[in-house]
Each structure stands twice: as C-alpha cells, then as structure tokens.
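Got your viewer open? Load the chain, switch on cartoon view, and keep the selection box handy. We'll go stop by stop.

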Amino acid sequence: MGAVSKEQTTKNLGTNIAYFAINIAIGIFLTPYYIETLGIAAYAIIPLATSLIGYIGILTNSLNSAVSRHLVIDLQRSDAKRANQTFNSALFGITKIIVLLAPFVIIISFFAPTPFGVSTEFAMDATWLFIGIGLAFLIRAWSSSFTVTLYASNRLDLINFINLINIIVQVASIIIIFTFSAPSLAGIGVSYLLSAVIATLVSIYFYRLKHENLSIKYGDYDASRFREIAQMGGWMVINEVGSLLLINVDLIIVNYLFGNIVGGGYAISYQWVGLLRGMAGTFISILGPIIIIAYANKQRDRIIEYSKSAVKLTGIGIALPIGLLCGFAPPSWSS
C-alpha cells in the first residue's frame, strides 16, 4: 500500500470536524427534547444506560483496536495471506465472543434499573432501553470487524460517514417514534438498535467495495493468530477500563447516591466535558492510522514527529475552550 497522502489526511480531518459539529448540534437539540418529552428523571437513565453498556463493550473494543494494528501492518507489507488470516481470525473470534456476551447483556438489562433506584414508573421501559442499547452496542462491535479494514487503509472519512448514518438514523427514528406513539425510553432503545443494524449494513458495503482482496472465509480462521491478537487486546482492556473509569464512573456514582433527578441535572452539565473531550479527539484520531502505518514501514522519526506535534497542538487547542468554560461558568448549579 502507498504512503499516507496529505489529501486523504485533509479528508479525514474534514469529516472528523463535520462529525463532531453534527454531534454537538444533535446534542443541543436532543437534551431539551428528551427533558420536554420524557422528564428529567427519565432522561437521567439514558446516559446511565450508555455508560454501563460501555463497560460491557470493553473486551470487544480492545480486541478491535488490537486488530487494527495487526491489519495495518499486514496490508502495508503487502502480505495478502497474512492479512486475510488476521481479518478472518478477528471476525470469527469476535463473533464467538459477542454470541457469549449477548445473553449476559440481556440479563444485566433486566436487573440494572434496580440498584440505581429507577422508579417503578420507568422500570420496564428502562429495561428495554438497556436491552436496545446493549444489543446495538454488540452489533456495532461486530461491525467493527469490517470498519477496521477501512481504518487500516486510512479511510477515516468513510468510518465517519458510517458513524454519521448511525446517529442520523438514530435521531430520525426517535423523532418518528415519539411523534406517532407515546414518548418512552423503550422507543429510544428501538432507535439505537435500528441505527446499529443500518450502520452495520453500510460498513459491510464499504468493506466489500474497498477491500476485495479480503474475503470472509472460515478456513482462514486461526485460533493461534486470534490468541496473538487477544494478547495485545488484554493490554488494551486495561487501558479501556482506566479510560471508562475516568470518563464515566462519576455519572454512575451520582445516580446511585443521589437518584435520577440529581443525576439528570449532572448529566446535562456533564455534556460539556464530553464536548471538550470530543474536540480533542477530533484532531488526535486522524493520527492513529498514520502512526501505525509509519510503524509498519519502520519510520521511527515520523512517529516521534507526529506524536510530539499531536501533544503540543492538542494542549494549545484545548486550553482556550477549557479556560473560557471555567471562567464563564456560574459558581454553583443553583445560580
């Protein structure tokens, strides 16, 4: 495969910014829409559900991250046989894990509302919300086996397009469901599930369009190759656990200790943290495939150069909005 082009990097950055901007716009629209149609107590359950389900997806996310690294190296070194072995070992290995996780997700969904004090008024709807988000998460995790092929060829623009389809279908289906039936948490679970299925179909389409040399073949599944990938995935699990604890544990604790109404208020302000984190990720994420490609081609100087620039530019870029947010924020929630 060829070297990284500036044109493709520009496309990746442009679609990253577009996806980030659309996410902000949807977040600004959805939060008051949810509160108006569901109430703040019911709204608090939504970020809680996504946070808890995120912990279940640690394993599959970590494996997909490890697959990306191995597949980039195989494709950059034009080793078609090895690339097919990596792709199929990951695809069928992750499929087996997801089949095992699915019943676990459903069981957790039935019991999750109880420890967080979800009122009986919302309990059944909350259960269906957890099931919908949980199964949607597993479907997207499975489809990542196809999007890693796009990541390996530095086509983050196509991955962003798939993610945009996912979020647009999700929001459109929520509005349609809420318009033609009573607004409910269960309807949100259905919208997550529907958008995940459609995004997965688009992922498979782009995989077939861009990587005809990678074919789905169980004969290329190699248990030892999957164990090799999973070994690196184990270290990624540690990283994912740390990241999720840093990002989401406060939201879970607030809901558990103070209830849904306080949790709902906290979830609203918490979106600013997600906004700042997303802003940083918009620029950093384009460097992932570039650095791995440089590693595959043994370009150590470029790896150091990219890493230094990323840290410097991200620190400078994120400092101003953090300062403005802290400076203009009211001294307390009551104000």
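Which residues does Gln-8 touch, leaving aside those up to four places away in sequence? Select Gln-8 and show its surroundings: the residues in contact are Asn-154, Arg-155 and Asp-157. Keep in mind throughout that you're looking at a predicted model.

**Stop 1: around Gln-8**

Gln-8 sits in helix α1, which spans residues 6–38. With 11% relative accessibility, Gln-8 counts as buried. Now draw a distance between the C-alpha atoms of Gln-8 and Asp-157: you should get 8.3 Å, for two residues 149 apart along the chain.

While you're here, add side chains for Arg-155 and Asp-157. They make a salt bridge, with 2.9 Å between the closest N and O atoms. Arg-155 is buried, at 17% relative accessibility, and Asp-157 is buried too, at 10%.

**Stop 2: zoom out**

Go back to the whole chain and colour by secondary structure. You'll find twelve helices and zero strands. Of the 335 residues, 45% count as buried. Take the contacts between residues at least 6 apart in sequence: 83% of them join residues at least 24 apart. If you turn on the surface, the accessible area comes to about 16,700 Å², and 70% of that belongs to carbon and sulfur atoms.

**Stop 3: two nonpolar cores**

Next, select Tyr-34, Leu-38, Ile-46, Leu-129, Phe-178, Leu-185 and Ile-188. These are the residues with the most contacts inside the largest nonpolar core, which has 31 residues. Helices α1, α2 (40–43), α3 (45–56), α6, α7 (156–180), α8 (185–210) and α9 each supply at least two residues of this core. The largest share, six residues, comes from α3.

Centre on Tyr-34 for a closer look. Beyond residues up to four places away in sequence, Tyr-34 touches Gly-39, Tyr-43, Ile-46, Ile-174, Phe-178 and Ile-188.

Then switch to Leu-71, Leu-75, Ile-94 and Phe-146. They're among the members of a second, separate core of 29 residues.

**Stop 4: rings**

Hang on to Phe-146 and add Trp-142. How many aromatic pairs does the count come to? Ten. Trp-142 and Phe-146 form an edge-to-face pair, 5.2 Å centre to centre with 75° between the planes. The two are four residues apart in helix α6 (residues 120–152), so about one helical turn separates them.

Which of these two rings is buried and which is partly exposed? Phe-146 is buried, because its relative accessible area is 2%, while Trp-142 is partly exposed at 26%. Now bring in Phe-87 and Tyr-207: ring pairs link them with Trp-142 and Phe-146 into a cluster.

**Stop 5: the salt-bridge network**

The salt-bridge count comes to four. Select Asp-74, Arg-82, Arg-225 and Glu-228, which are linked in a network of salt bridges.

Start from Arg-225. With Asp-74, Arg-225 forms a salt bridge whose closest N and O atoms are 3.2 Å apart. This pair links distant parts of the chain: Arg-225 is in helix α9 and Asp-74 is in helix α4 (residues 58–76), 151 residues apart. Both ends are out of the way: Arg-225 is buried at 3% relative accessible area, and Asp-74 is buried at 7%.

Arg-225 also forms a salt bridge with Glu-228, the closest N and O atoms being 3.1 Å apart. Here the partners are three residues apart in helix α9, which means about one helical turn lies between them. Glu-228 counts as partly exposed, with 34% relative accessibility.

**Stop 6: a nonpolar patch outside**

Follow helix α9 along to Phe-258. Is Phe-258 buried or exposed? Phe-258 is exposed, because its relative accessible area is 54%.

Finish by selecting Ile-253, Tyr-256, Leu-257 and Val-262 along with Phe-258, and show them as surface. Together these five residues form a nonpolar patch on the surface, with about 540 Å² of accessible area. Helix α9 (residues 223–258) gives the largest share of the patch, four residues.

Key
Residues numbered from 1 in each chain as written. Predicted model: local features only at pLDDT ≥ 70, side-chain atom pairs only at ≥ 80, totals over all residues. Heavy atoms only, no water. Patch = residues over 30% accessible without salt bridge, like charges linked within 9 Å, V, L, I, M, F, W, Y side chains within 5 Å. Areas by Shrake-Rupley, 256 points an atom, 1.4 Å probe, with all protein chains shown as cover. Buried < 20%, exposed > 50% of the residue type's maximum accessible area, 1.4 Å probe, protein only. Phe/Tyr/Trp six-rings, centres within 6.5 Å; stacked < 30°, edge-to-face > 60°. Contact = heavy atoms within 4.5 Å. Core = buried A, V, L, I, M, F, W, Y, C linked by side-chain atoms within 4.5 Å.
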